[in-house]
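Biologist: Please take me through this model and say how each term is earned.

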2 protein chains.
Amino acid sequence: MSTDFDNGITDLNLEDIARLSGVSRSTVSRVVNHHPNVSEITRRKVLEIIERYNFKPHPAARALASQRANIIGILIPHIVSDLFTDPFFSILLQGITTAANSVNYSPVLWLTSANVDESAFYDQVFNDRLADGMIVASATVNASFIKRLDQRGKPYIIIGRPFTAYEQSSYVDSENEQGARMMVEHLIKQGRRRIGMITGRSGLTSSHDRLQGYISALQHADIPIDMRLITPAGDYSDASGYTGMKLLLHHRIDAVFAANDVMAASAMRAIKEAGLRIPEDIAIGGFDDMGIARTTEPPLTTVQQPITQLGDYAVRGLIDLLEGRVEPPFQQMLPVKLIVRQST
Amino acid sequence: MSTDFDNGITDLNLEDIARLSGVSRSTVSRVVNHHPNVSEITRRKVLEIIERYNFKPHPAARALASQRANIIGILIPHIVSDLFTDPFFSILLQGITTAANSVNYSPVLWLTSANVDESAFYDQVFNDRLADGMIVASATVNASFIKRLDQRGKPYIIIGRPFTAYEQSSYVDSENEQGARMMVEHLIKQGRRRIGMITGRSGLTSSHDRLQGYISALQHADIPIDMRLITPAGDYSDASGYTGMKLLLHHRIDAVFAANDVMAASAMRAIKEAGLRIPEDIAIGGFDDMGIARTTEPPLTTVQQPITQLGDYAVRGLIDLLEGRVEPPFQQMLPVKLIVRQST
DNA sequence: AATAAGTTTGGGAGCGCTCCCATAAATATT
DNA sequence: AATATTTATGGGAGCGCTCCCAAACTTATT
């Protein structure tokens with residue numbers, strides 16, 4: 001028992017606090033865990049000692065006794081480059097960690113790395129006994145992935161609706177299709193007819209859904225789908241937005257919808273380099289509404305997606321699952337919003 | 001004890017494995033922890049059972065008994081925007097988590113968030129009892145920060161040499177000053193004389209050191225320092241590189257050194273928009289050598305910094321500290337390398 | 001006033017490991 | 001062959017909590 005109680009954490013335990021406040025270990029435990037049935041006088045007395053010594057219960061002891069570690073795993077099973085070129089994951093990570101902290105959970109991070117054996121990595125992830133539950137960011141997950149997640153026997157939530165078995169799995173996602181449709185409908189309303197699309201990384205439901213929204217908006221407006229106006233190789237990266245736009249410029253288009261803001265910004269560069277004006281010659285819309293959308297020239301019309309909230313809902317949903325307040329599957333779609341700026 | 005031992009983790013414990021392999025709990029523990037003094041026959045027998053049932057020791061129990069959780073905290077005390085515009089932190093995070101995984105440590109993440117009370121956040125961080133040690137990414141740390149880190153009573157390593165008290169603190173850092181000097185010397189050798197600099201975020205030793213390298217290279221070449229050629233408000237962001245370059249274009253310069261690649265890339269945009277050629281009219285150098293440096297037009301000459309290794313050394317250093325193999329302060333400077341491409 | 005019901009408190013057992021010490025078995029030394 | 005030394009194994013105690021049950025104390029009910 002350290003005497004240095006002015007600052008830092010001490011190595012006191014429940015028993016010490018109990019002795020110091022003249023009650024039993026059990027009572028201190030009740031106070032710490034906000035259990036009812038502790039008299040107000042006792043509670044205050046104990047709380048005072050706890051505060052004075054800055055006592056925090058030992059997490060490992062608590063985890064062992066309660067079989068709950070208050071730890072959530074965050075798995076970002078994404079290829080490296082995406083993580084770096086698209087701020088989406090950084091913002092998401094921020095949202096998740098903040099939400100976790102606010103409910104006293106610690107987030108442990110799993111990131112794949114290019115030069116590491118993938119199967120060994122996933123063995124590590126799926127055999128992990130530390131985390132009470134898992135948040136899987138990005139739905140490149142397939143059936144066998146979900147199977148292993150299930151076998152782990154602990155709750156999980158996927159950010160982004162998975163393609164397979166999504167009826168049974170828990171996820172939070174943005175209304176990607178609806179957002180894309182809103183954007184393209186907006187372009188149509190502005191009188192645009194030859195509207196191109198720069199797609200996101202294939203294999204992600206977000207890409208799929210945004211493309212779907214684009215298609216359905218055109219169909220509703222009786223504009224025929226021209227496959228040449230849909231770039232095949234977009235992947236949400238800066239580079240793919242630029243080269244995608246270069247390709248689209250070969251066909252005379254009057255508008256383009258990029259599946260995220262990063263690609264929209266680099267597409268704008270390509271448009272300008274071709275000597276065309278935005279929005280006069282080509283209108284352009286993005287998706288995400290991240291910081292970059294406000295600094296482009298002109299500012300970018302985009303679909304606002306609540307990335308931070310995605311993390312927030314994932315954490316809250318996971319903990320509800322963990323504490324048995326809800327039954328899986330937990331599924332939540334978050335609304336998106338069209339933000340009209342000067343690029344359309 | 002679950003019978004589902006074909007896949008997933010089971011809820012077996014040491015005692016169960018001991019019974020199944022006909023030895024005692026202690027012996028299994030020795031096998032699991034690679035202790036000597038276990039006969040080869042016994043070891044194999046136990047290992048076979050462990051594998052068959054895919055047994056993993058319960059981390060909380062282990063942590064409680066050994067008082068070591070095998071968890072390291074990663075603190076990124078950075079304002080939000082930086083984290084998103086500069087891939088540096090993403091790459092670093094990747095390096096840290098990969099290194100941690102490889103030595104069976106779990107990284108828990110602490111990220112500050114704009115809309116969260118900062119002092120409450122740091123109270124949480126510094127009172128954390130879970131992590132055995134801490135890696136602090138980015139040296140915006142000041143004396144009081146380091147004091148609280150010390151009071152926590154557990155090892156820590158700072159990534160980036162701190163300004164204050166750096167003689168006593170443990171850190172890993174890149175040779176920023178030397179790298180910057182190499183770059184500017186290279187520009188001088190190419191015959192450039194009016195060399196501008198777009199600085200990094202003030203308050204970071206990396207910015208300070210890179211500026212210092214720029215100054216010392218000029219001084220060694222007897223080129224007077226012109227304060228007008230040093231942008232005051234760079235902060236490593238895309239936007240600040242662009243506006244910084246716009247300012248520098250008012251003075252006739254023949255080269256510019258940007259404190260990171262992100263700013264160099266946006267500075268290149270500004271140069272092109274002004275109708276100037278790279279490198280004929282203005283040569284430009286960056287710092288970091290991230291992916292972007294290879295995709296700019298022309299490809300960017302830059303100083304390669306081993307970001308992933310920074311994380312790697314931090315983890316290894318921290319664990320050496322943790323296991324008492326080295327005494328603090330642990331200090332390590334990593335070499336950088338000039339990569340000449342076509343922008344100079 | 002006697003009993004019933006509710007509230008507050010304490011103590012034991014147990015979570016699944018590690019680590020120490022004692023003992024048993026194998027090997028070396030005289 | 002008897003003893004000393006090394007190597008291998010088992011069991012107890014303990015890490016710091018939670019959770020259950022029993023006991024003590026209050027308050028309500030008749």
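Biologist: Which element gives the largest share of the surface near DNA strand D?

Modeller: In this predicted model, H4(A) does, with five residues. Helices H2 (25-32) and H4 (59-66) of chain A, and H2 (25-32) and H4 (59-66) of chain B, each supply at least two residues of that surface.

Biologist: What makes H4 (59-66) of chain A a helix?

Modeller: A helix is a DSSP run of H or I with at least four residues. H4 of chain A runs over 59-66, so it meets that minimum.

Biologist: Why is the pair between Ser24(B) and DNA strand D called a polar contact?

Modeller: A backbone N or O atom of Ser24(B) lies 2.6 Å from a phosphate oxygen of DNA strand D. The cut-off is 3.5 Å between N or O atoms, so the pair qualifies. The side chain of Arg62(A) has an N or O atom 3.2 Å from a phosphate oxygen of DNA strand D, so that pair qualifies too.

Biologist: What does Gln67(B) approach on DNA strand D?

Modeller: A polar side-chain atom of Gln67(B) is 3.0 Å from a sugar or linking oxygen.

Biologist: How many residues surround DNA strand C?

Modeller: There are 28, and Ser26(A), Thr42(A), Leu14(B), Arg25(B) and Ser29(B) are the closest. Of the strand's atoms within 4 Å of the protein, 56% belong to sugar and phosphate.

Biologist: How do you know that His58(B) makes a polar contact with DNA strand C?

Modeller: A polar backbone atom of His58(B) is 3.3 Å from a phosphate oxygen of the strand. The limit is 3.5 Å, therefore the pair counts.

Definitions and conventions:
Residues are numbered from 1 along each chain as its sequence is written. Chains are lettered from A and ligands numbered from 1 in the order in which they are written. This is a predicted model: local features need pLDDT of at least 70, side-chain atom pairs count only at pLDDT 80 or more; totals for chains, interfaces and linings use all residues. Side-chain values use heavy atoms; hydrogens and water are left out. A polar contact is a pair of N or O atoms within 3.5 Å; within protein, one must be able to donate a hydrogen and the other to accept it, and residues adjacent in sequence count only if both atoms are side-chain atoms. A residue is near a molecule or strand if one of its heavy atoms lies within 4 Å of it.
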